[in-house]
There are 2 protein chains.
Amino acid sequence: MKPATIRDVARRADVSVASVSRVLTGAGPVTDATRKRVMEAVEALQYVPHSGARSLSTSKTSTVGVILPDLYGEYFSELIRGMDLAARALGYHLIVSSSHDDAEEASAAIRSMRGRVDGLIVLSPHLGAANLAGSLAGRLPVLLMNAGADAGRPSIVVDNHGGAVAAVEHLIATGRRRIAHIAGPTGNLEAEARLAGYLEAMAAAGLPTTVVDGAFTKASGHEAGVQLAAMATRPDGVFAANDNMAIGAMLALQEAGVRVPEDLAVVGFDDVPLAGLVHPGLTTLRINIAEMGRSALERLVKLIQSAGAADADAACEVVRPQLVVRPSTNPATQNPTRASRASAAAAVPLPEGENP
Amino acid sequence: MKPATIRDVARRADVSVASVSRVLTGAGPVTDATRKRVMEAVEALQYVPHSGARSLSTSKTSTVGVILPDLYGEYFSELIRGMDLAARALGYHLIVSSSHDDAEEASAAIRSMRGRVDGLIVLSPHLGAANLAGSLAGRLPVLLMNAGADAGRPSIVVDNHGGAVAAVEHLIATGRRRIAHIAGPTGNLEAEARLAGYLEAMAAAGLPTTVVDGAFTKASGHEAGVQLAAMATRPDGVFAANDNMAIGAMLALQEAGVRVPEDLAVVGFDDVPLAGLVHPGLTTLRINIAEMGRSALERLVKLIQSAGAADADAACEVVRPQLVVRPSTNPATQNPTRASRASAAAAVPLPEGENP
DNA sequence: GTGTGTCATGTAATCGGTTACAAGGAAACT
DNA sequence: AGTTTCCTTGTAACCGATTACATGACACAC
């Protein structure tokens, strides 16, 4: 028993398919009598329009694709959440496709989106992917995220450089001088911008630099923390290129008997929900991730709706991270009392739902 | 400049559309000469097949829809990750649609999937949604998750009852007697099953019960923790209906000066990544969430591919959670040394990617 | 030379909608 | 009554692919 088509409905209501379509889409004039007959037939046959077919004739899918390198962790889950929220509100659907680390795979994924989506959001933290998106998507509107300052294409990027400078300046302001950096993976544009910001800010302050390699994972942060703890002249401040590594490093340091923040202050980047919950709470540069996702989707939809109109919204929106100070750098709250801890929690409300 | 269609390619290669289709799909016989000509035309025109059109004629979309109540937090993000992984491997795409708390909205979401997907995975923690899925999806294969033991439909459910019993028995085994329960939201089938398991296990042991209300959020757990700490005869053990609440409660208890696990042991449910990182590490019932997502998707695809064939895989697969003991209930590791904390971390490897 | 089998190719129907255009009917006007 | 106008409805083309079936060419056997 196959699902009913618009022709079945037309036959049953004894009208033409055009009339059924008009009733269902709300476009075009119909008398109340026919409308009623059509609705009854729809009801009786449990008819639901076939969106695939509709897409084909209107060349609109009301769907956007999201191409991600990966889907692990809170960063991307928050991002998707924000996008999904905006998508619902605008009547769009979301196709997610992740785990595209290498360019070849990402290219295939983009290609397979043709005819399935009206536009794409591409997160490409690696070099070259930006070009990819442009060349492969045909005439699909594409919004780039985290792709470095790729001029000439609509994009949203985080001010990684500025954030890193702010992190270092904060550490200096709290009296730290021997400040190390735990870097992200090479080739990742965001990691490189954060490193550059660190180097620049240190140079500006006339301080010597120390860089330890990392890979954006908690494990790599832990490893870096072990190295830092074992150094002859141990740093008294660390700026990690993301929260995950900062948290990993903090654990390693504490295991080695180094007190945070008394002996060594730690700053992360991103403000993932976890950052406010670890002990001590992590000072970090907050990006409102969900909000960024929402904004990205809304912008893409705007691009889609104004497609063709070359009023060229090729702007590169810059999101400026905001410094959130928590006990990991603030000796004033080094032994968090009940009050201070509670207030820290209150200051950083976590998005939460009724998950089991 | 519109993207090229199969007819453009055919014209340019001076063959029929049928031949182009045969070359591109790999089906049907073609000489090397025509294949070459077609490929050249494809290359020259940058042709990419329109998957929407292809779907219409083959009535296959290679896409599955996932209907979620919400997208917050690690539980669902892990679930989606598992599904996405499996989907890629099987050549499927994933449409996610979340935030459907009320039945009406969920029903609309399911309806809008017609013609867009080949099958659906529906997570319906609330009563009635199960029926919904059945009645609304037309003849789409549907896989239910967490919908209670809804016989007669393919589904995957967690053995919440059994897990709850295990949690209580573990607390009893470690010498606790005054064991309270922080319940999940009423109406949520999973929460109710966990509550029932708690009540039953306590009754079996001849112990009195205490139930505090919660809502599966960290905040509600915190509130419950405050209540517990203030009780005249304070419990010496707590089983929370999920990790989020357990963590919230643990924070509240510590703020009130109650030592965990010495004064009071805490057990959660789910084993979200965070559970192994809080202090003290949280004993919990582990569900391999990503794995469950993967398995769900694979099963749905199997359903799709064998559609029609009424060999009726209407089985209800049961996932049994596994007790993971961490310091929150184990006084032996109450002051975690470096070694013990490191081993705890090692025992619970976290999935991690290169997120910024 | 004719018959037959094989195999590559082309033609046209089809999937399930939307919509331009034509046509029909009733109301309103002269 | 005849004509104009407006409004509803129907017919059929179209979106971009797949594919059943028909066709034509060629080789081989008789």
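Which of the 26 residues around DNA strand D come nearest? In this model, which is a predicted one, they are A:Pro29, A:Thr31, B:Ile6, B:Ser21 and B:His50, and I would like to begin with that strand before turning to strand C and then to the protein itself.

If we take the atoms of DNA strand D that lie within 4 Å of the protein, 60% of them belong to sugar or phosphate, and the rest belong to bases. On the phosphate side, an N or O atom in the side chain of A:Thr31 is 2.7 Å from a phosphate oxygen of strand D, while a polar backbone atom of B:Ile6 is 2.4 Å from a phosphate oxygen of that strand. On the base side, the side chain of A:Arg22 places an N or O atom 2.9 Å from a base nitrogen of DNA strand D.

As for where this surface comes from, helix H2 (17–25) and helix H4 (51–58) of chain A, together with helix H1 (6–13), helix H2 (17–25) and helix H4 (51–58) of chain B, each supply at least two residues of the surface near DNA strand D, and the largest share, five residues, comes from H4(B). Sorted by class, that surface has 12 nonpolar, 11 polar and three charged residues.

Let me move to DNA strand C, where, of the 26 residues around it, A:Ile6, A:Ser21, A:Arg54, B:Pro29 and B:Thr34 come nearest. Of the atoms of strand C within 4 Å of the protein, 58% belong to sugar or phosphate and the rest to bases. Here an N or O atom in the side chain of A:Arg7 is 2.8 Å from a base nitrogen of the strand, whereas a polar backbone atom of B:Ser57 is 3.4 Å from a base oxygen, and a backbone N or O atom of A:His50 lies 3.4 Å from a sugar or linking oxygen.

For strand C, it is H1, H2 and H4 of chain A, together with H2 and H4 of chain B, that each supply at least two residues of the nearby surface, with H4(A) giving the most, five residues. By class, the surface near DNA strand C has 11 nonpolar, 11 polar and four charged residues.

Now to the packing of these helices. In chain A, the axes of H1 (residues 6–13) and H2 come within 8 Å and cross at roughly 105 degrees, and these two helices are therefore roughly perpendicular to each other. Across that contact, A:Ile6, A:Arg7, A:Val9 and A:Ala10 in H1(A) meet A:Val17, A:Val20 and A:Ser21 in H2(A).

In chain B, H2 packs against helix H3 (residues 32–45) at an angle of about 85 degrees, with the axes 10 Å apart. The contact is made by B:Val20, B:Val23 and B:Leu24 of H2(B) and by B:Arg35, B:Val38, B:Met39 and B:Val42 of H3(B), which by class amounts to six nonpolar, no polar and one charged residues.

Finally, further along chain A, four strands form an open sheet with parallel pairing, in the order E7-E6-E8-E9, and its edge strands are E7 (210–212) and E9 (265–267), each of which pairs on one side only. Within this sheet, four bridges join E6 (residues 179–182) to E8 (residues 237–240) of chain A, with A:Gly237 as the bridge partner of A:Ile179. Helix H11 (residues 243–255) of chain A lies across E6, E8 and E9, running at about 160 degrees to E9(A).

Methods
Residues numbered from 1 in each chain as written. Chains lettered and ligands numbered in written order. Predicted model: local features only at pLDDT ≥ 70, side-chain atom pairs only at ≥ 80, totals over all residues. Heavy atoms only, no water. Near = heavy atom within 4 Å. Polar contact = N/O pair within 3.5 Å; in protein donor to acceptor, adjacent residues only side chain to side chain. Nonpolar A, V, L, I, M, F, W, Y, C, P; charged D, E, K, R; others polar. Pairing = 2+ DSSP bridges. Contact = heavy atoms within 4.5 Å. Axes fitted to C-alpha atoms, helices over the stretch in contact; angles between N-to-C directions. Parallel < 35°, antiparallel > 145°, perpendicular 65-115°, else oblique.
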